[in-house]
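Please look through the structure below with some care. The report that follows describes the surroundings of a ligand and then turns to one residue in a loop.

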Amino acid sequence: MNRRKALITGINGQDGSYLAEFLLAKDYEVHGIVRRVALEDPEHRLDRILPIRSKLALHTGSLESLSSLYRIVRLVNPDECYHLAAQSFVGHSFEDEFSTLNTNINGTHNMLAAIRDAAPECRFYFAGSSEMFGRAEEVPQTERTRFHPRSAYGISKVAGFELTRNYREGYGLHASSGLFFNHESPRRAREFVTRKITSGVAAIVAGKQKELRLGNLEAYRDWGYAPDFVEAMWLMVNRKEPDDFVIATGETHSVREFAEMAFKIAGLNYLDHVAMDRALYRPAEVDQLRGDYEKARRQLGWRPKTSFESLVQLMVESDLRAAGIERT
Ligand code: GDR
């Protein structure tokens with residue numbers, strides 16, 4: 001039997017790299033779209049997929065160019081497409097609203113249009129976000145909670161979500177969106193708060209840094225473990241009917257709690273090291289997110305496997321190891 005073919009955008013991101021490993025383990029032929037510059041600098045720009053690179057087929061293209069995406073989709077003729085690529089740092093979307101909106105909205109639109117024209121039987125996954133709920137009017141948030149995004153990033157994800165739904169309803173594409181709440185791992189980029197904290201803890205233990213500057217400590221997030229979450233993408237795509245699902249842990253914790261626990265795991269008191277920096281506050285904040293994953297549990301058989309405590313622990317330990325600190 002022919003191997004199933006999956007095409008991933010954002011394959012070198014946190015989620016893309018875990019998803020590629022997950023699909024390879026299921027014997028998929030895994031293809032990824034990367035920028036040309038990535039092939040010129042693989043040590044940095046393909047760092048998360050270097051260990052599996054020989055098992056992947058990488059294609060150069062740009063989300064901004066429909067013709068490049070069309071060419072790749074026609075060539076690969078994938079059974080499944082996971083569209084994960086985006087400008088994904090909410091903080092940056094305040095500094096550059098225009099490029100966030102352009103990349104994220106047009107990138108999704110171009111991908112959908114390429115699939116529709118070149119491989120209409122291909123199943124499509126869109127990486128939606130809890131940032132679409134923004135200033136949520138109810139807790140916990142479900143698939144029925146009204147969107148109230150608070151950043152250009154959140155707005156771009158609402159637009160991508162609506163485009164995906166419209167391609168499903170208008171053109172009959174098997175297109176689904178995951179409403180993913182925050183999901184972290186040792187592969188998280190250091191600009192996101194969880195990894196900023198755990199890598200900061202390691203730098204402080206290693207004596208390279210004394211202080212960790214953070215913004216709003218009172219923001220609450222529903223933090224899960226990325227490898228648990230990528231499985232939900234696959235379950236959605238392999239469901240008979242396309243649909244949208246909240247993927248979350250159902251628990252919420254503040255940035256302060258995350259920091260307190262991360263420092264404690266390393267034997268430190270966060271109050272001795274964390275400094276609040278007003279400059280790191282966002283112009284519009286999302287105060288509290290907590291997702292209700294009941295629909296995913298019932299219809300996909302999905303549930304999170306990793307607790308908040310285990311997540312913080314595994315991230316701190318990974319950063320301590322990377323800093324050369326062996327613990328007993
Ligand atoms: P978020 O992730 O915006 O939730 O989006 P991030 O880790 O950047 O922020 C979480 C919360 O922490 C507060 N915060 C800080 N954030 C950063 N980055 N740096 C700091 O120093 C800091 N101090 C406090 C923020 O204000 C915020 O409230 C993530 C991204 O992965 C999105 O792409 C994804 O869609 C959503 O999660 C679900």
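## Terms and origin of the model

In sorting residues by character, Ala, Val, Leu, Ile, Met, Phe, Trp, Tyr, Cys and Pro count as nonpolar, Asp, Glu, Lys and Arg as charged, and the others, Gly among them, as polar. By this sorting, the shell around the ligand holds 11 nonpolar, 6 polar and 7 charged residues.

This is a predicted model, in which local features need pLDDT of at least 70 and side-chain atom pairs count only at pLDDT 80 or more, while totals for chains, interfaces and linings use all residues. Residues are numbered from 1 along each chain as its sequence is written, and side-chain values use heavy atoms, with hydrogens and water left out.

## Around the ligand

The ligand is surrounded by 24 residues, the closest being S88, S129, Y153, R282 and E285; a residue is near the ligand if one of its heavy atoms lies within 4 Å of it.

Among the polar contacts (pairs of N or O atoms within 3.5 Å), a polar backbone atom of S88 is 2.6 Å from an oxygen atom of the ligand, and a polar side-chain atom of R282 lies 2.7 Å from an oxygen atom of the ligand. The protein buries 96% of the 710 Å² that the ligand exposes when taken alone, with areas computed by the Shrake-Rupley method with a 1.4 Å probe.

## A residue in a loop

R135 belongs to the loop between β5 (123-129) and α7 (152-171), where helices (H or I, at least four residues) and strands (E, at least two) are DSSP runs numbered from the N terminus. R135 counts as partly exposed because its relative accessibility is 49%, given that buried means under 20%, exposed over 50% and partly exposed in between (1.4 Å probe, protein chains only).

Leaving aside residues up to four places away in sequence, R135 touches H148 and R150, contact meaning heavy atoms within 4.5 Å.

Technical notes. Polar contact = N/O pair within 3.5 Å; in protein donor to acceptor, adjacent residues only side chain to side chain.
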